[in-house]
Amino acid sequence: MKFRLVFGIAFSPLLFLMRERLSLMLACSVVFRFLWQKLEISLNLPFDPIAGRESESMTHIIETNQLTRSFNGLMAVDKLDITVESGEIFGLLGPNGAGKTTTISMLCTMLKPTSGSAKVNGFDIVKEATQVRKSIGIVFQDPSIDDRLTGRENLYMHANLYGVPASEQKDRIDRILKLVELDDRANDLMRTYSGGMRRRLELGRGLIHYPKVLFLDEPTLGLDPQTRDHIWTYIRELKKTHDITIVLTTHYMDEADRLSDRIGIMDHGKIIALDTPPKLKETLEGDVIMIKANSLDALSALVAEKMGLTKTSIIDGTLEITVHQGKTVMPRIMELATQNKIFIDSILLREPNLEDVFLHYTGKMIRADSGRELHGMSAIQRRKIR
Amino acid sequence: MTELRGFYTLWLREVKRYLRDRTRIVSSFFQPLLWLVVFGLGLGSIVRVAVPGLSYQQLIFPGIIGQTLLFTSMFMGISVIWDRDFGFLKEVLVAPVSRFTLFLGKMIGDSTDALIQGIIVFVLGIVLGIGIDPVTFLAALPVMLLITFGLVSIGLTIASFMGSLESFGAIQSFINLPLFFLSGALFPIPNLPDWLQVAAKVNPMSYGVDALKTIILGGAWQPLQLQPLFVDLAVVGVFDLIMIVIGTWAFTRMK
């Protein structure tokens, strides 16, 4: 009894202290956990729900490594190695059947590669498909909206499928609708929308979950020139306001030229040239002279022999010659023609465009139905490369 | 959580689409009406019902509900083909939700639509003077829903393999009518010849119809019962589970 009392008195301050300490520790841990949660929340920004994997490699938002896909032995995509920089608009240009959509389908995890691998936003497209899917937005080549729902309902559905927090959905959808200028039609059924309006809604829809990369597969296919122009404006606007990387495929030269920071020209499943549009045009060494005359083959042979101009082609009754300085070469061609009794009907000088670039690299026009073929030395060079 | 929200939005879509389709709802009155009035009264005028105290019309009423559920549920598979044709399927397939969620959302959404069709037939029966008390009605609802799960799953599975509307329609009538005729919807199974009884007993639909008859017709049906109610429900439940597994697999391989 006495002992216990002494013990109690002697140790009570200590016990008291210990209890204090304990509660202090408890309080500390509570505060610490609270702060940690705060930190976690602030790290997990609502505007950036999907963080990338490796921060140092994130300048390359897309990397493919020998990416290959074949269909019954036919190589649709053949050992593709491309990297897309974060924040750029990357254009994949090529004729129908070049493998553009197959490439996009693989990057979007819709199609498994036959061999090779690729990473999107740092995630492997096969092993981490769900993470990749959360990181990307897609606008398909064909329409993919529910025409029996309203525009707004389509957007809500997308937001729910991509796990956008319920509290943010209304705000984001309102902003997107404003961006694509459909806010006044948002509550109408999609079936009452025009083709261009549907396309705009699809563009907007791809952005609702704030993707890192937006894939646009032939975004203006089948639209009239005015609407195409409109959509181009939106795409540039989207890139500016949302700070995302855009990968677009197209077989329209002007589209690739006007939108892309860099262009990969694709043919037979391979990238045959990859650079900025101006640099690609530079590789052409100059201008195109277009001549209509009574004997094109003879003239073609003549300019090759006497003037060393071998980059010639004959399309639909027009001889096209690619030269360095068109203005100075033109008079000499006229002279040569007259000396050899060839009558020139018309002669025209044209600055190079991407169509010429494509012709230069592939030896054919981008539209396969055109009978344009390369003649002369450049054709031979191309064939050697193949 | 994402999966749950995905499920909800897919369910909501199916129900919204259905409720907006006025023609489908109005036309859904028609076929059951023909069966109940023309077939029920017509055949009822020449057959003597083996169940005391029940008219032929009353006897087949639960069967006609079952038939409506069967036909509507199987038909729902068409939405997969529509979605593919109109491109919407791609949007759903690339979304970061599992195929199980995708299947379940669509399946339960379609089941809800089929259930609404079934309720319409119920109301039709009440209007035609087939005495049903509210308790019976409420007891029948969960059973009806249970029946639709498996049937919708069959429809969705078949549709996910079919390339076109035409081939889906052809397969449909190939499956629908045998399932319907062999379900005991129009006649009690125990009175059938042995070999036909065997065919009816392997038909999962028989147990759904039997359960509906037990609930709606009550004691009068007891002697002709195929199985006790809980066995019926167990068979239907197991069938549902199997079909959901198969359906999820079918959706997983869909591209």
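Helix α8 and strand β4 in a predicted model

User: What do the buried residues of α8(B) pack against in this predicted model?
Analyst: The buried residues of α8(B) pack against four helices of chain B: α3 (56-76), α4 (78-85), α7 (134-161) and α10 (204-217).

User: Which residues of α8(B) are called buried?
Analyst: They are B:Phe168, B:Gln172, B:Asn176, B:Leu179 and B:Phe180. The term applies because each has 20 or more other C-beta atoms within 10 Å of its own.

User: How do you know that the span of helix α8 of chain B agrees with its number of residues?
Analyst: Helix α8 covers residues 165-181 of chain B, 17 residues, and at 1.5 Å a residue it should span 24 Å. The expected span counts one less than the number of residues. The end C-alpha atoms are 24 Å apart, so the two values agree.

User: What makes strand β4 of chain A mostly covered?
Analyst: Strand β4 takes in residues 89-93, and 5 of its 5 residues are buried. A:Ile89, A:Gly91 and A:Leu93 point one way, A:Phe90 and A:Leu92 the other way, and all are buried.

User: Why is β4(A) said to pair with β9 and β10 of chain A?
Analyst: Pairing needs at least two bridges. There are 5 bridges from β4(A) to β9 (residues 245-250), and 4 to β10 (residues 262-267), so both count as pairs. Strand β4(A) runs parallel to β9 and also to β10.

User: Which residues are the bridge partners of A:Leu92 in β9(A) and of A:Leu93 in β10(A)?
Analyst: A:Leu92 is partnered by A:Thr249 in β9(A), and A:Leu93 by A:Ile265 in β10(A).

Conventions. Residues are numbered from 1 along each chain as its sequence is written. Chains are lettered from A and ligands numbered from 1 in the order in which they are written. This is a predicted model: local features need pLDDT of at least 70, side-chain atom pairs count only at pLDDT 80 or more; totals for chains, interfaces and linings use all residues. A residue is buried if 20 or more other C-beta atoms lie within 10 Å of its own, exposed if 12 or fewer, and partly exposed in between; C-beta atoms are placed from the backbone. Helices (H or I, at least four residues) and strands (E, at least two) are DSSP runs, numbered from the N terminus. Two residues are in contact if their C-beta atoms, placed from the backbone, lie within 7 Å.
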